[in-house]
Amino acid sequence: MRPLRIGVIGLQFGMAHIEGAMRCGAEIAAICDCSAEHLRDAGERYGIPEEKRFSDYHALLERGDIDAVAVAVPDQMHRALACAFLDAGKHVLCEKPMALTREDTRAMIRAADASGRQLMIGQICRYTPAFEKAKALVSNGTLGEVYFLESEYAHDYMKLCDNWRADPLRHGVIGGGCHAVDLLRWLAGDPREVFAYGTHRLLPQVPYDDATVAVMKFDGDTMGKVFVSTGCKRDYTMRTVIYGTKGTLICDNTSPTMTLFTAGADGMAHEPEIIEVEVNNHNAAREFEAFADAILHGKPVMTDAREGARTVEVCLSIIESSATGKPVRPAYAF
Ligand SMILES: NC(=O)c1ccc[n+]([C@@H]2O[C@H](COP(=O)([O-])OP(=O)(O)OC[C@H]3O[C@@H](n4cnc5c(N)ncnc54)[C@H](O)[C@@H]3O)[C@@H](O)[C@H]2O)c1
């Protein structure tokens with residue numbers, strides 16, 4: 001079978017997709033960035049010849065030598081590029097968050113349905129080794145019934161937000177917090193209701209709260225909490241704790257160990273088990289492998305258009321709740 005031929009658009013975080021695709025044996029058929037400097041830097045770094053470098057993504061649309069693209073441009077452009085490439089018959093791996101509005105997620109779902117191509121949303125935390133292990137421990141019953149789980153996205157954007165991230169639509173809860181929201185959704189399902197508070201005191205340069213806490217309830221009385229801080233004075237973390245009837249797991253995307261407490265015969269949790277785990281919070285190779293596997297074998301991707309849209313729906317509901325002071329029930333009708 002010939003290797004997949006990939007185009008990558010947006011060459012900052014997009015470089016992770018070049019590396020992920022290369023590690024999986026795909027061919028980089030084209031790279032694109034509207035910044036001449038970023039295009040040259042990525043081209044030189046990965047040895048991509050001049051004739052495969054483009055400054056305008058439209059040039060990639062009609063090329064017959066591209067099977068799929070990775071879209072890593074600012075969030076506001078995800079809809080335009082994803083829809084254009086799907087309409088042109090290409091499979092699309094689109095960066096998270098899928099989009100910043102419900103209107104955009106719906107348009108992307110329609111484009112994916114009409115195209116018959118894969119639209120995978122890059123919720124990369126589902127490939128973080130610690131979170132893959134957490135998912136396995138929930139699924140195989142080690143933790144028993146999960147009754148509460150929490151995750152946080154704490155990442156200092158002090159030097160990261162003097163650009164498209166300062167758009168009021170690009171609230172921290174959707175921009176980065178979508179990772180923690182998606183993780184909770186993956187582990188516990190769709191929350192039925194959310195309630196949130198926010199505060200704004202660390203990043204005066206953005207027009208939205210820089211810290212938000214949201215509580216939520218899932219089916220079966222399971223409770224959840226997400227904390228998002230984009231001005232925090234600490235190193236990046238997605239500390240996550242899962243409380244079940246038989247055990248508790250504490251893990252992170254930046255820690256080489258996870259801590260697992262399980263109840264013994266007396267019903268008590270004694271010494272915790274320390275589980276070593278690879279630290280890889282941007283596991284682009286595993287993410288790309290899943291994308292390629294779905295394309296090559298006609299399988300559905302885990303984070304398809306509707307899955308990406310559900311995560312956006314929860315994020316928007318959290319933002320709405322913290323603005324109105326009222327609980328919000330996310331609407332998953334798409
Ligand atoms: N999965 C993750 O953990 C993760 C991490 C970082 C960023 N992201 C996402 O990746 C995307 C890009 O983020 P970033 O940090 O690389 O942003 P960035 O602003 O650093 O880089 C964006 C790049 O896209 C280029 N670009 C902008 N408009 C373009 C266009 N129309 N055509 C071609 N190139 C264009 C810019 O020149 C720039 O090189 C965003 O959606 C972001 O949310 C995801």
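This report describes the fold, the two domains and the sheet packing of a predicted protein model.

## Overall dimensions

The protein contains 334 residues, for which a compact globule would have a radius of gyration near 20 Å; the value for this model is 20 Å, so the two agree. Along the principal axes, the C-alpha atoms occupy a box of roughly 65 × 45 × 40 Å.

Ten helices and 14 strands form the secondary structure. Of the 334 residues, 48% are buried. Among contacts with a separation of 6 or more, 67% link residues 24 or more positions apart.

## Division into domains

Two domains are assigned: domain 1 covers 5-124 + 284-303, and domain 2 covers 126-281 + 313-324. Their centres, taken over C-alpha atoms, are separated by 27 Å.

Contact between the domains involves 14 residues of domain 1 and 13 residues of domain 2. On the domain 1 side, the touching residues comprise five nonpolar, four polar and five charged residues.

## The six-stranded sheet

One open sheet has six strands in the order β3-β2-β1-β4-β5-β6, and its pairing is parallel. Strands β3 (53-54) and β6 (119-122) form the edges, each pairing on one side only. Within this sheet, four bridges connect β1 and β4 in the parallel sense. One residue pair can be named here: G7 has V69 in β4 as its bridge partner.

Helix α2 packs on this sheet, where it touches β2 and β3. The direction of α2 makes about 160° with that of β2.

## Surroundings of helix α1

Helix α1 spans residues 14-23, and its buried residues are G14, A16, H17, I18, G20 and A21. An α-helix has 3.6 residues a turn, so residues three or four places apart point the same way. The buried residues of α1 pack against four strands of the model and two helices: β1 (5-9), β2 (27-32), β4 (68-71) and β5 (91-95), together with α2 (36-46) and α9 (284-297).

Just after α1, the backbone at G25 adopts a positive phi of about 85°.

## The eight-stranded sheet

A second open sheet consists of eight strands, ordered β8-β9-β10-β7-β11-β12-β13-β14, with mixed pairing. Its edge strands are β8 (193-199) and β14 (273-276), each of which pairs on one side only. From one strand to the next, the twist averages 10°.

Strands of a sheet pair through backbone hydrogen bonds, either parallel or antiparallel. Strand β7 (residues 146-154) and strand β11 (residues 240-244) run antiparallel and are joined by five bridges. In this pairing, V146 has G244 in β11 as its bridge partner.

## Helices on the eight-stranded sheet

Helix α8 (residues 178-188) lies across β7, β10 (223-229) and β11. Relative to β7, helix α8 runs at about 160°.

Helix α10 (residues 305-324) also packs on the sheet, touching β8 and β9 (211-217). The direction of α10 makes about 60° with that of β8.

Key: Residues numbered from 1 in each chain as written. Predicted model: local features only at pLDDT ≥ 70, side-chain atom pairs only at ≥ 80, totals over all residues. Rg over C-alpha atoms; globule rule 2.2 N^0.38 Å. Buried ≥ 20, exposed ≤ 12 C-beta atoms within 10 Å, placed from the backbone. Contact = placed C-beta atoms within 7 Å. Pairing = 2+ DSSP bridges. Axes fitted to C-alpha atoms, helices over the stretch in contact; angles between N-to-C directions. Domains from an automatic or database assignment. Nonpolar A, V, L, I, M, F, W, Y, C, P; charged D, E, K, R; others polar.
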